[in-house]
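Open the structure in your viewer and set it to a cartoon view. Have the selection tool ready, with side chains hidden for now.

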Amino acid sequence: SGDYTAGYSASTSAAPSSAIPPGYSMSSVSQFAPASQSSAAARPSSSDSSRSCSDEHLRQVKAKLLGDGLPIQVYRQRPEDPGDVFVLEWKLLSISADKTGLYLNDPRGGEAFLFDISDLECMEAGDRSTLVKTIHPPPPEERVLSFKFMSGTLCSVLDSEVERRTVAMALKHLTEKMVFWS
């Protein structure tokens with residue numbers, strides 16, 4: 001199934017907890033943009049897509065992944081929703097200190113989901129993932145980063161194409177997993 005919790009262990013204390021970025025809504029969202037434009041000014045915009053990430057920004061993203069977590073939007077198929085209905089939820093993505101686990105932590109202090117990095121086959125940028133093709137309305141292809149595990153796919157949406165590229169590069173360096181680009 002598309003539910004990212006299927007087959008993975010849940011914990012309420014394993015991953016660090018932190019607030020979501022300023023200007024973003026804490027509730028489940030069905031849109032792809034920040035709740036306000038004030039926080040977007042500090043982030044690369046989609047018009048920056050022709051530029052690559054800076055070394056400094058890459059270091060910052062790695063530090064967040066190894067620290068309190070990086071805020072991302074993740075698609076989740078909720079059991080109470082009929083059929084293939086997906087909602088976007090804010091999560092904090094982090095990597096365990098020993099680099100064997102990938103955590104999705106609820107910034108409100110709810111469950112944290114642990115994914116074994118050894119089960120991660122690859123990351124897919126854009127619409128390469130079969131799961132992405134089933135989501136309606138489709139997410140902005142240039143901002144999608146999917147995680148293909150042996151037992152399912154986790155689909156996330158980042159703030160911009162540059163941010164997606166930076167996060168993918170940071171995860172590739174930290175996990176030594178391949179990234180496939182569409």
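This tour goes through a predicted model, one selection at a time.

**Stop 1: helix H1.** Select residues 55–66, which form H1. The helix has twelve residues and reaches 17 Å from its first C-alpha to its last, close to the 16 Å expected at 1.5 Å a residue. Show the side chains of His57, Leu58, Val61 and Leu65, which are buried. Now look down the axis of H1: its buried residues fall within an arc of 100 degrees, so they line one face of the helix. An α-helix has 3.6 residues a turn, so residues three or four places apart point the same way. On the face of H1 turned away from the buried side, find the exposed residues Asp55 and Arg59. What do the buried residues of H1 pack against? Their partners are S2, S3 and H2.

**Stop 2: strand S2.** Select residues 70–77 for S2. Seven of its eight residues are buried, so the strand is largely enclosed by the rest of the structure. Add S3, residues 86–95; S2 and S3 pair in the antiparallel sense over eight bridges. Then add S8, residues 152–157, which runs antiparallel to S2 and is joined to S2 by two bridges. Gln73 is a useful residue to centre on: Trp90 stands opposite Gln73 in S3, and Val157 is the bridge partner of Gln73 in S8.

**Stop 3: helix H2.** Select residues 161–175. H2 has 15 residues and reaches 21 Å from its first C-alpha to its last, close to the 21 Å expected at 1.5 Å a residue. Is this helix mostly covered or mostly open? H2 is mostly covered, with eleven of its 15 residues buried, including Val167, Leu171 and Leu174. At the start of H2, a side-chain oxygen of Ser160 comes to within 3.4 Å of the backbone nitrogen of Val162. Just after the helix, Glu176 takes a positive phi of about 60 degrees.

**Stop 4: the nonpolar cores.** Select Leu65, Leu93, Leu102, Leu104, Leu145, Phe147 and Leu171, the residues with the most contacts inside the largest nonpolar core, which has 27 residues. Among the elements that give two or more residues to this core are H1, S2, S3 and H2. H2 gives the largest share, five residues. Next, centre on Phe147; beyond its neighbours within four places in sequence, its contacts include Leu93, Leu102, Leu120, Met123 and Leu171. Apart from this core lies another, of nine residues, among them Leu88, Leu131, Val132 and Val157.

Notes: Residues numbered from 1 in each chain as written. Predicted model: local features only at pLDDT ≥ 70, side-chain atom pairs only at ≥ 80, totals over all residues. Heavy atoms only, no water. Core = buried A, V, L, I, M, F, W, Y, C linked by side-chain atoms within 4.5 Å. Buried < 20%, exposed > 50% of the residue type's maximum accessible area, 1.4 Å probe, protein only. Helix = DSSP H or I, 4+ residues; strand = E, 2+ residues; numbered from the N terminus. Contact = heavy atoms within 4.5 Å. Pairing = 2+ DSSP bridges. Expected span 1.5 Å × (residues − 1). Polar contact = N/O pair within 3.5 Å; in protein donor to acceptor, adjacent residues only side chain to side chain. Arc of directions from axis to C-beta.
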